[in-house]
There are 2 protein chains.
Amino acid sequence: MVSKRAAELAADTPAIAVAHLAAEADPYHPERNPGGYLNLGTAENRLVWDLLEPRVAAARRVRPEDVRYAPLYGTAALREAAAPLLAATWRSPVDPENLVVVSGATAALDIIASVLCDPGDALVVPAPYYGALPLDLCGRSGARLLPAPLSAADGFRLDPGAVDRALAEARAEGLTARAVVLTSPCNPTGNVHPPAVLRACLEVAERHGVDVIADEIYANSVYGPDTFTSLLDPRVREGGTVRVHTVWGFAKDFGLSGLKAGVLHTEDPEVLAAARALAYFAPVSTDTQALLSALLADGPWAADFLDRNRDRLARSYRHAADTLAAHGVGHVPASGGFSIWTDLRPWLAGGGFGAEHALWQRIWERTRVNLLPGQVFGSPEPGWFRICHTTDPAVVRDALTRLGRLLESVGAPSRPAGAGRATHPPRP
Amino acid sequence: MVSKRAAELAADTPAIAVAHLAAEADPYHPERNPGGYLNLGTAENRLVWDLLEPRVAAARRVRPEDVRYAPLYGTAALREAAAPLLAATWRSPVDPENLVVVSGATAALDIIASVLCDPGDALVVPAPYYGALPLDLCGRSGARLLPAPLSAADGFRLDPGAVDRALAEARAEGLTARAVVLTSPCNPTGNVHPPAVLRACLEVAERHGVDVIADEIYANSVYGPDTFTSLLDPRVREGGTVRVHTVWGFAKDFGLSGLKAGVLHTEDPEVLAAARALAYFAPVSTDTQALLSALLADGPWAADFLDRNRDRLARSYRHAADTLAAHGVGHVPASGGFSIWTDLRPWLAGGGFGAEHALWQRIWERTRVNLLPGQVFGSPEPGWFRICHTTDPAVVRDALTRLGRLLESVGAPSRPAGAGRATHPPRP
């Protein structure tokens, strides 16, 4: 027998983790394993290993204190090295004392949700959202997630009105909402949000008396055409008083997803104290913190790395988008992140998420390509799939070709008249 | 405003963490900083850095997968490398699939408590116990800790009767106890428990229908004369059916306290599944796991390291015990761990924990030596202090000399007739 909470968690393994592990256990290779899985389901950046290897494999200047007890909310060295980078990213001064380093962005999300929410309190999240967000935010805190559905017709752009409606509904249902969770760039859509929209969201939050959690773990993975603006940007905050708590990490922008180093930033002393107390349960290895400090402390290296990463992401996105377009598959134009929010609505046989699941299964079985169906991301309507394009380019090329051929061969049962071109053709 | 649980946690910073950080911020050095603090308050093993440095500072064979997503309950490589060591330590076969690797023994304790306990459920813990144990076990799980006081007259030896009484009292109070938490070697006393006593404790647990959590993080830090026996040892379990969940880590036996790598072992499938689900929130850097895998996979190195560590611990203990004895200070004879449970009862001016605190403060102010008062460890009676002897030997020598001189100078206000010799003279 186990506790109620533990039993719920154990029953709730995120679909994307299961698909990731299944696909990774038997990975496709054009020559060595042509019968393996082609995993486009995992938002992992595999385009930068050549830039990282010389750094992470090198001999390390390790001092005794690098293997000893240190503050459990992050070493001073790492927080001081991260502050200037984050200040440049957010265009806002960053005090290293306001940073809490924990074992991954998941831990950072868990901690801020647990700090803000007692069990039963609500968090409003525009949908579609990162598939593991409900688990990260609610799994341990006992909070509940209320989606604010965005509109497909509008390319799922962030809509302050949708956030406002979700907060109003929460109140009408007698729920206590504590925060709005905004992700930029958005995973899965790749949308980045303009300052005016972010400002309007802060105003909505302020009017409802709730905080804002900013998930900006892809902040340095924006390749344009739209440019990234942080919720901490002075142009966004403009004298407002709403508390903004920001999550960042090394998994995405630095391609170091295994290192499980997440960062929470907050300027509120009470939230900071509580977050530090919770960080005690999810600290990061001092050895890894020493490695990360050394990377960031070498400012020119880090700046060059991030530039080259953005270039490679842009190329990778362009290639994947062009391949999809060549097969007549549309998507939401992305400006950042690792994924393409792909419109397979024309190929749904029937309505509802049952049809979406059937299409997903058909793709998986017929092509051995792993993409993730929109339901995983709380998509407001069926037929959207997330395709990650940042793995080995040969795998992406072969997977999208297989996918395109399958879709061409089965035709588009529900394709409306005039369709055949991309729903949201990729920008030139 | 923050959540109720977060506010409680933020208010509950463990005293040993505060003292550690204060003392470490201004550390004593015989020449360079003679006015600094002499920290004997932290159970950290600083005797083995020369053995570790060549390994942790060397260039690393890092593969791409060492910085990528991996199972969040530990890489297969680390679990497979740890299994033989743990099997030898526990004298019991270990399936790597039954190991859950998380970010420190604290996280492992939090996870097993959260898996077993819903809020309000109880855990029985013999006292004195590790000072942060209430926070580790109850801070996030919402469990409550019920002490089973051990007897000073008996050198605080583990007493199955005390455990039985605590479980019976829990039931009488209408509490649902879920487990007994047993630590061997005991921190703070350094006691290791013989097989018959452990077996009797398992029988008590079985009779009450509760699990056992075995905290064996010092298992390879036993230098004798008593020898370590795990709760997983077949001589202890002897066909009993009580579930035993064991915690181990790299902080103590390998002197790698900063690396925050803890291990939970359980053979119960339901507990295992729930623990894996919770490990999602506190994973360990794959980079650090690769380092630890390499250490353990080199079996001869690891065996030699552990042997030399035990030798150094024995010498360090002997030196500290002799110094205390030379000043007429008694203690519980230890067989393992990093600390000496020191009997300063004769120097208490008055009764109760108020007098203990006053003595602690006097020592801190007059000698700048940081030791921790027994109240921190849930000591059943006042006057006992934990002294850690595994830091720089020069600091230990100077600190204990200062302490001894202070105690000699103030005399022993409450010393009974015939006192003056050690209460528990160190074994020869």
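Modeller: Two helix axes count as roughly parallel when their angle is under 35 degrees, as roughly antiparallel over 145, as roughly perpendicular from 65 to 115, and otherwise as oblique. The model is predicted, so local features need pLDDT of at least 70, side-chain atom pairs count only at pLDDT 80 or more, and totals for chains, interfaces and linings use all residues. Residues are numbered from 1 along each chain as its sequence is written, and side-chain values use heavy atoms, without hydrogens and water.

Colleague: Why are H12(B) and H14(B) called roughly parallel?

Modeller: The axes of H12(B) (residues 299-326) and H14(B) (residues 393-410) cross at roughly 20° and come within 9 Å. The helices are therefore roughly parallel to each other.

Colleague: Which residues make the contact between H12(B) and H14(B)?

Modeller: Contact means heavy atoms within 4.5 Å. His319(B), Ala320(B), Thr323(B), Leu324(B) and Ala326(B) of H12(B) meet residues of H14(B), including Val396(B), Arg397(B) and Leu400(B).

Colleague: What makes Asp211(B) count as buried?

Modeller: Buried means under 20% relative accessible area, with exposed over 50% and partly exposed in between (1.4 Å probe, protein chains only). Asp211(B) has 8% relative accessibility and therefore counts as buried. Asp211(B) lies in strand E6 (residues 211-215) of chain B, and among the residues that Asp211(B) touches are Leu116(B), Arg178(B) and His245(B).

Colleague: Which residues of H10(A) are buried, and what covers them?

Modeller: In H10(A) (residues 269-279), the buried residues include Val271(A), Leu272(A) and Ala274(A). The cover includes strand E2 (99-102) and helix H5 (105-116) of chain A, together with helix H1 (4-11) of chain B.

Terms used. Chains lettered and ligands numbered in written order. Axes fitted to C-alpha atoms, helices over the stretch in contact; angles between N-to-C directions. Helix = DSSP H or I, 4+ residues; strand = E, 2+ residues; numbered from the N terminus. Lists of a residue's contacts leave out its neighbours within four places in sequence.
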